[in-house]
Amino acid sequence: MLDPALLRDRLDEIRKKLGRRGVSLSDELAALERLDAERRQILPVLEKMRQSRKEVGTQIARAKREGHSADDLLKAGQDFGVQIKDQEARLEQVENERQSLLLALPNVPHDSVPVGTGADDNIEVRRYGEPPAFDFTPLAHWDLGPALGIIDFERAAKIARARFSVLVGPGARLARALIDFMLDLHTERHGYTEVEPPFLANAEALTGTGNLPKFEEDLFKVTGDWDLYLIPTAEVPLCNLHSNEILDGRTLPIRYAAYTPCFRSEAGSYGKDVRGLIRQHQFDKVEMVAYTTPEQSYDVHEDLTCHAEEVLKQLGLPYRTVMLCTSDMGFAAAKTYDIEVWLPSQNAYREISSCSNTEAFQARRANIKFRRDGSGKSEFVHTLNGSGVAVGRALIAVIENYQQRDGTVVIPTVLRPYMHGLEAIEPTDG
């Protein structure tokens, strides 16, 4: 959520910066300006009425002590009570409308973010590795996986529906190996604390990260009187671990990593990536989240992005890192790097991690603050998040990039200890 004080005092500047996102928010900003003016009009009137009622109360008490009639004063007190109640109701309505509008506004892009209208305006910042040169036509994972007997889409559809998958045998072990490898890398080398959070979150938590109210159609809600949703990413529980808390600034940055399954309805994405594991309703991910001070946050952002890149380096997978332009960033992000891994079947780089600095946007929604020296004035932390990385897409990248002419898939060296020493996945007979 944006700082209401900034919207009040520097509205024209915020309007210009939000305009870089390529969406029209003029009606929302005009309504916020009107509501803020109405709020500032109500508050002094309400305070004056409360003070007048208090004074009348004092006069009533004096009149009763002195034996005088207090009927007129009692009537005046009752009138003030009615007026105060009306003004409080009006103020509550204004505050609710204002809050709803604030929750609907996206984050302001950082000044370093390139202005653009779509993915073509994203800027590549670096590459690692060279795409493999095959002396045969490589298979896509949706053909290679079933041929190896490690991915079953048909039985998954029988159990659930399309856009689910079953991993079998070495495929399931490969996914588990990737998860364990990533968690070990982030905790042992990069200094993250591992967390196993709930896989369900309430509306307040999802509002804190910006998933609600704007993106409710993308979520799976639990039926019944639960007010719970399946999490779309571990960012939701990790970014809410410290909601409504004041942290000791001397402990920052705090870094967490978690493996969770993730659940997304992919509303509006039908027709995109309908084959294979790219866009599933359920998928696994290792997520990284950091809490830090405003001064540290962009250095932490660079570190977090490098930590995600290190996963792909260790796996020997070619990738590139791009800075997203203003219109391609997520709702809560002030700046985002996407890491895209090479997929031979598509002859293209595809997103496998998105690393964002949300600055104080999520912290303000979730009410997460810190005190610089452990005491004194509190202020909002900055939160950052990034995939470290998406497990299904890493599995795709491994089997496509490491496939051999005979259909065998070589296991990357770093994963072999997690695969009980298995060096390759070979096609099943028949």
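# Questions about a predicted model

User: Glad to look at this predicted model with you. Which residues does Glu124 touch, leaving out residues up to four places away in sequence?

Analyst: Happy to start there. Glu124 is part of strand β1. Not counting residues up to four places away in sequence, the contacts of Glu124 are Arg320, Thr321 and Val322.

User: With which side chains does the side chain of Glu124 make polar contacts?

Analyst: There are two to point out. One polar contact, at 3.0 Å, links the side chains of Glu124 and Arg320. The other runs at 2.6 Å from the side chain of Glu124 to that of Arg127.

User: Is Glu124 buried, partly exposed or exposed?

Analyst: The cut-offs help here: buried means under 20% relative accessible area and exposed means over 50%. Glu124 has a relative accessibility of 33%, so this residue counts as partly exposed.

User: How far apart in space are Glu124 and Asp86, C-alpha to C-alpha?

Analyst: In sequence, 38 residues separate Glu124 and Asp86. In space, their C-alpha to C-alpha distance is 57 Å.

User: Which strands stand at the edges of the sheet of 8 strands, and why does each have a side without a neighbour?

Analyst: This open sheet has mixed pairing and the order β1-β11-β12-β13-β16-β10-β9-β4. Two of its strands have a single partner strand each, so one side of each is left without a neighbour in the sheet. Those edge strands are β1 (123-128) and β4 (193-194).

User: Which helix packs on that sheet, and what angle does its direction make with that of β12?

Analyst: The helix touches β1, β9 (254-263), β10 (282-292), β11, β12, β13 (348-357) and β16 (382-390). This is α10 (residues 297-315), and its direction makes about 10 degrees with that of β12.

User: In what sense do β11 and β12 pair, and which residue of β12 is the bridge partner of Thr321?

Analyst: Strand β11 covers residues 319-323 and strand β12 covers residues 335-343. They are antiparallel, with 5 bridges between them. For Thr321, the bridge partner in β12 is Ile339.

User: Which residues touch the most other members of the largest nonpolar core, and which element gives the most to this core?

Analyst: The core has 49 residues, and those touching the most other members are Leu174, Leu178, Met182, Leu317, Ile352, Leu395 and Ile399. At least two residues each come from α5 (141-148), α7 (170-189), β10, α10, β12, β13, β16 and α12 (391-401). With 9 residues, the element that gives the most to this core is α7.

User: How many residues of α12 are buried, and what does Ile399 touch?

Analyst: α12 is mostly covered, with 10 of its 11 residues buried. Among the buried residues are Leu395, Val398 and Ile399. Leaving out residues up to four places away in sequence, Ile399 touches His141, Leu144, Ile150, Ile151, Leu174 and Val409.

User: Why does the span of helix α3 agree with its number of residues?

Analyst: Helix α3 (residues 26-65) has 40 residues, and at 1.5 Å a residue they should span 58 Å. This agrees with the distance between its end C-alpha atoms, which is 59 Å.

User: Against which helices do the buried residues of α3 pack?

Analyst: The buried residues of α3 include Leu29, Leu35, Ile42, Met49 and Ile60. After the helix comes Gly67, with a positive phi near 80 degrees. The helices that the buried residues of α3 pack against are α1 (4-9), α2 (11-19) and α4 (71-104).

User: What is the strand order in the sheet of 3 strands, and by how much are neighbouring strands turned on average?

Analyst: The order of this open sheet is β8-β14-β15, and its pairing is mixed. β8 (245-248) and β15 (378-380) each have a single partner strand, so one side of each lacks a neighbour in the sheet. With direction ignored, neighbouring strands are turned against each other on average by 40 degrees.

User: Which side chains of β14 are buried, and which residue of β15 is the bridge partner of Phe370?

Analyst: Along β14 the side chains alternate, with Lys369 and Arg371 on one face and not buried. Ile368 and Phe370 point to the other face and are buried. β14 and β15 run antiparallel, joined by 3 bridges. The bridge partner of Phe370 in β15 is Glu379.

Notes: Residues numbered from 1 in each chain as written. Predicted model: local features only at pLDDT ≥ 70, side-chain atom pairs only at ≥ 80, totals over all residues. Heavy atoms only, no water. Pairing = 2+ DSSP bridges. Helix = DSSP H or I, 4+ residues; strand = E, 2+ residues; numbered from the N terminus. Contact = heavy atoms within 4.5 Å. Axes fitted to C-alpha atoms, helices over the stretch in contact; angles between N-to-C directions. Core = buried A, V, L, I, M, F, W, Y, C linked by side-chain atoms within 4.5 Å. Buried < 20%, exposed > 50% of the residue type's maximum accessible area, 1.4 Å probe, protein only. Expected span 1.5 Å × (residues − 1). Polar contact = N/O pair within 3.5 Å; in protein donor to acceptor, adjacent residues only side chain to side chain.
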